[in-house]
Amino acid sequence: MPCFVYIRTQMQESWEEAAATGGGGGVIQVGGKVLCQDCTEGWNEWVSGQKPIEGCTVSVTCMDNRKRIIYYGRDQTDKAGEFVVTINKYIHGKQVKPESCFTRLVSSPDPVCNIPTDFAGGKSGVKLGRPTMVYRDTIKHVLGPFYYTTPMCDEPDTNDDDNSYGKGKNY
């Protein structure tokens, strides 16, 4: 039992040393997939006919305790529509907490399928939750899939709350 306590104390000291110096400490990986979903197709094609989009930009933004951005990174999707953003757990001596990071869609190079949707939170951004995998110094979060759609499938915003026309005026 004393040997276990010694090893645990030694590991904790080395972890704290890595935090203080800003070195080591491992990485956080955020990955997922971006697909095109076209509503103009029939039901079966719409449900199971999503196509990966190559070249989409996906971003990850992490905040500190005071809500300041301490990390911003992005990646472009490959031919399979997959992206991976790797973040050091310590940046400038501060620990990056995955729960203070969020991921969102930025842009699509597809000339037809370029309207971001909020399926899986891609348009508004999704916070990192429980990790998909934890192994040694790597914490991995697999998200999505995120979707883009065509302009024809985009629902117009009919909410009167955001319309500034006539606000404060009595007609």
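1. A patch, as the word is used here, is made of residues with over 30% relative accessible area and no salt bridge, and nonpolar side chains are joined into one when they lie within 5 Å. In this predicted model, Ile-69, Tyr-72 and Val-106 make a nonpolar surface patch of about 290 Å².

2. Tyr-72, one of the residues of that patch, has its place in strand 4, which covers residues 69–76. Its relative accessible area is 43%, so Tyr-72 counts as partly exposed.

3. Turning to the interior, the largest nonpolar core has 23 residues, and among these Val-34, Cys-62, Ile-87 and Val-96 touch the most other members. At least two residues of this core come from each of strand 1 (27–36), strand 3 (57–63), strand 4, strand 5 (82–88), strand 8 (101–107) and strand 13 (146–149), and strand 1 gives the largest share, with four residues. In soluble globular proteins, nonpolar side chains tend to be buried together.

4. Val-96 deserves a look of its own: when residues up to four places away in sequence are not counted, Val-96 touches Ile-28, Cys-62, Ile-70, Ile-87, Asn-88, Lys-89, Ile-91 and Cys-101.

5. Is Gly-26, in the loop between helix 1 (2–21) and strand 1, buried or exposed? Gly-26 is buried, because its relative accessible area is 16%, and buried means under 20%. Leaving aside neighbours within four places in sequence, Gly-26 is in contact with Ile-87, Asn-88, Lys-89 and Asp-137. The C-alpha atoms of Gly-26 and Tyr-90 are separated by 8.1 Å, although these two residues are 64 residues apart along the chain.

Terms used: Residues numbered from 1 in each chain as written. Predicted model: local features only at pLDDT ≥ 70, side-chain atom pairs only at ≥ 80, totals over all residues. Heavy atoms only, no water. Patch = residues over 30% accessible without salt bridge, like charges linked within 9 Å, V, L, I, M, F, W, Y side chains within 5 Å. Areas by Shrake-Rupley, 256 points an atom, 1.4 Å probe, with all protein chains shown as cover. Salt bridge = Lys/Arg side-chain N within 4 Å of Asp/Glu carboxyl O. Buried < 20%, exposed > 50% of the residue type's maximum accessible area, 1.4 Å probe, protein only. Core = buried A, V, L, I, M, F, W, Y, C linked by side-chain atoms within 4.5 Å. Contact = heavy atoms within 4.5 Å.
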